[in-house]
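Here is a short report on one protein chain. Keep the structure open while reading.

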Amino acid sequence: VYFLYLGFPFERVLPKALAGMEKEAGVRIEATTIRAGWFLSLVATDVKVYWGGRRGSAGGEEAQPTLRLDKVQVYPKLLSLLTGKKGAKVDAMLLGGRVRGTVVNSKAGSHVDLTVDGVEIAKVPTLANFGVNASGTVAGTVKLDVDADDGTKSTGKIDLQVKSPRIAESNLILFKIPETVFDKGGAAILQIKDGKIDFVDVGLHGDDLDLAVEGEILLKKRLASSQWSAKSVIRASDAWKSKVAGFENIVGAGKQPDGSYRYKIAGVLGGFPRTIPDKSR
């Protein structure tokens, strides 16, 4: 039986099994190789995760992955199989760091319990694509209970801290960013309960520049259809703004009486969010 497992064509079967995720949650997963490993584990290399985007773009260019994992190794959780659940221990090398924990699926839903350690912001593909030379490391936990029938009943918490976040001098398409240190740290803390995802503390914080997302995501029965109800908030010191030519022209449409810049985030969780200046002042 074990040698039959080693020869099983996972590289052909798994992509079909994962195809439903794009339809249901807006997530597509691809891997360069998928093979059987020791002790009934499954090993995937060069894993690409696309969130809310199709393979190609309007210009015919290949879409860039939201996340890229060097290696993912999954071990079956045998005890959960005895209770009719599909469980696995996950050990993934992600962006220079490591993500470990368990994922359990059943007819009722999914339970995720992961620990994140040493993930490097500098290796996030989307930042490099926009010319942002950011750095820092992410660590923390992800604990989720996702209801299979009704997404509004899902609960959990994402509690990630960013150590030593900074942006080196960067040349963006529209302007240049000077070296910026977020001396107050950064975080991605989201609480999921009562039919919504609440942004407790999401952003990078500093005296010169403070970037944050405030508000919530209103959960729907189908999670991919959940609605954004949040705002992106930019706060910058006069000294920092004086170093960025054209900054006011670029973000000025969202300027508030307190000197901050606010943009509403709209759209569904399974797609690309839209941002519009916040005029509710």
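## A nonpolar patch on the surface

Ile 173, Leu 174 and Ile 250 make a nonpolar surface patch of about 340 Å². Ile 173 belongs to the loop between β9 (170-171) and β10 (176-177). Its relative accessibility is 77%, so Ile 173 counts as exposed.

The model is predicted, not experimental. The accessible surface of the protein chain comes to about 16300 Å². Carbon and sulfur atoms account for 59% of that surface.

## Overall make-up

The protein chain has six helices and 17 strands. It has 281 residues, and 37% of them count as buried.

Take the contacts between residues at least 6 apart in sequence. Of these, 44% join residues at least 24 apart.

## The nonpolar core

The largest nonpolar core holds 48 residues. Which residues have the most contacts inside it? They are Leu 69, Trp 240 and Phe 247.

Leu 69 can be followed further. Neighbours within four places in sequence are set aside here. Leu 69 is then in contact with Asp 46, Val 47 and Val 49. Leu 69 also contacts Ala 92, Met 93 and Leu 94.

## Strand β8 and its partners

Strand β8 (residues 155-167) runs antiparallel to strand β7 (residues 134-147), and 11 bridges join the two. One bridge pairs Gly 140 with Leu 160 in β8.

β8 also pairs with strand β12 (residues 186-193), again in the antiparallel sense, over seven bridges. Here Gln 161 stands opposite Ala 187 in β12. A further antiparallel pairing links β8 to strand β11 (residues 180-181) over two bridges. In that pairing, Ile 167 stands opposite Thr 180 in β11.

## Gly 109 at the start of β6

Gly 109 sits in strand β6 (residues 109-120). Is Gly 109 buried or exposed? Its relative accessibility is 11%, under the 20% cut-off, so Gly 109 counts as buried.

Gly 109 and Ala 148 are 39 residues apart in sequence. In space, their C-alpha atoms are 4.1 Å apart. Ala 148 is also among the contacts of Gly 109, once neighbours within four places in sequence are left aside. The others are Val 104, Val 146 and Asp 147.

## Salt bridges

The structure holds 12 salt bridges. In one of them, the side chains of Asp 91 and Arg 98 meet at 2.6 Å, N to O. Arg 98 counts as partly exposed because its relative accessibility is 32%.

Lys 184 and Asp 207 form another, at 3.1 Å, N to O. This pair links distant parts of the chain, 23 residues apart. Lys 184 is in the loop between β11 and β12, and Asp 207 is in the loop between β13 (196-204) and β14 (209-218). Both ends are exposed: Lys 184 has a relative accessible area of 56%, and Asp 207 has one of 51%.

## A salt-bridge network

Glu 214 forms a salt bridge with Arg 262, with the closest N and O atoms 3.3 Å apart. Glu 214 lies in strand β14 and Arg 262 in strand β16 (residues 261-266), so the pair ties together parts that are 48 residues apart in sequence. Arg 235 joins Glu 214 and Arg 262 in a network of salt bridges.

How do the two ends of the Glu 214 pair count, buried or partly exposed? Glu 214 counts as partly exposed, at 31% relative accessibility. Arg 262 counts as buried, at 16%.

## Positive phi values

Most residues other than glycine have a negative phi. Ser 164 has a phi near 55°, a positive value in a residue other than glycine. Ser 164 lies in strand β8. It is exposed, with a relative accessible area of 54%.

Asp 194 also has a positive phi, near 55°. Asp 194 is placed in the loop between β12 and β13. With a relative accessible area of 69%, Asp 194 is exposed.

How values were computed. Residues are numbered from 1 along each chain as its sequence is written. This is a predicted model: local features need pLDDT of at least 70, side-chain atom pairs count only at pLDDT 80 or more; totals for chains, interfaces and linings use all residues. Side-chain values use heavy atoms; hydrogens and water are left out. Helices (H or I, at least four residues) and strands (E, at least two) are DSSP runs, numbered from the N terminus. Buried means under 20% relative accessible area, exposed over 50%, partly exposed in between (1.4 Å probe, protein chains only). Contact means heavy atoms within 4.5 Å. Two strands pair if DSSP finds at least two bridges between them. A nonpolar core is a set of buried Ala, Val, Leu, Ile, Met, Phe, Trp, Tyr and Cys residues joined through side-chain atoms within 4.5 Å. Accessible areas come from the Shrake-Rupley method with a 1.4 Å probe; for residues, only the protein chains shown count as cover. Patches are made of residues with over 30% relative accessible area and no salt bridge: like charges are joined within 9 Å, nonpolar side chains (Val, Leu, Ile, Met, Phe, Trp, Tyr) within 5 Å. A salt bridge is a side-chain nitrogen of Lys or Arg within 4 Å of a carboxyl oxygen of Asp or Glu.
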